[in-house]
Amino acid sequence: MSTEATESTESKAVPPAPQVWPSLRAKDARALIRFLVDAFGFEETVVYGEGELVEHAQLSWPEGGGIMLGSVRHTDADDTWPLRPGTFGAYVVTTDPDAVFARARAAGAEITTGLHETDYGSRDFAARDPEGNRWSFGTYPGEPRG
């Protein structure tokens, strides 16, 4: 097999590391981090900041990828990333939406759409976090690259 064919086969077998990191701001970033870890199962990878201020945090999803977040800055006119808290939405792929649903419900997450089967073959549910952000979890991994 040629080197070119081997590289092509290997790159299709192992997807690349995540390079798109959705990000959001929170009124109470430390509380949101605790909620996302406890209710949905994100893993706290790193948190930078002092006191209640979170300059930067990375939460990893156990099945791949993750999010980045930080505290909203109400008084910083030079804020280069002025995202409004509570306006974020994400679809998170999981092989076990029933377990994530049970965990979210037990942690008091607001379930906005219960577990259901979609017309495209996914098992999904949706929830809202205490800041108002919307989260959907399901088995649909997206279509394979062509």
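How many residues lie between strand 7 and strand 8 in their hairpin, and which glycine in the turn has a positive phi? Five residues separate the two strands, and the glycine is Gly132, with a phi of about 100°. Keep in mind that this is a predicted model. Here is a short tour of three strands and a helix that packs against them.

**Strand 6 and strand 7**
- Strand 6 covers residues 110-117 and strand 7 covers residues 123-128; they pair in the antiparallel sense over five bridges.
- To find one of these pairings, look for Glu117, whose bridge partner in strand 7 is Arg123.
- The two strands form a hairpin with five residues between them.
- In the turn of this hairpin you will meet Gly121, which has a positive phi of about 90°.

**Strand 7 and strand 8**
- Strand 7 also pairs with strand 8, which spans residues 134-138, in the antiparallel sense over five bridges.
- Here two arginines face each other: Arg128 stands opposite Arg134 of strand 8.

**Helix 3 and its neighbours**
- Helix 3 runs over residues 97-106, and its buried residues are Pro97, Val100, Phe101 and Ala104.
- Seen down the helix axis, these buried residues fall within an arc of 100°, so they line one face of helix 3.
- The buried residues of helix 3 pack against strand 6, strand 7 and strand 8, and also against helix 2 (29-40).
- After helix 3 comes Gly108, which has a positive phi near 85°.

Notes:
Residues are numbered from 1 along each chain as its sequence is written. This is a predicted model: local features need pLDDT of at least 70, side-chain atom pairs count only at pLDDT 80 or more; totals for chains, interfaces and linings use all residues. Side-chain values use heavy atoms; hydrogens and water are left out. Two strands pair if DSSP finds at least two bridges between them. Helices (H or I, at least four residues) and strands (E, at least two) are DSSP runs, numbered from the N terminus. Buried means under 20% relative accessible area, exposed over 50%, partly exposed in between (1.4 Å probe, protein chains only). The arc is that of the directions from the helix axis to the C-beta atoms. Contact means heavy atoms within 4.5 Å.
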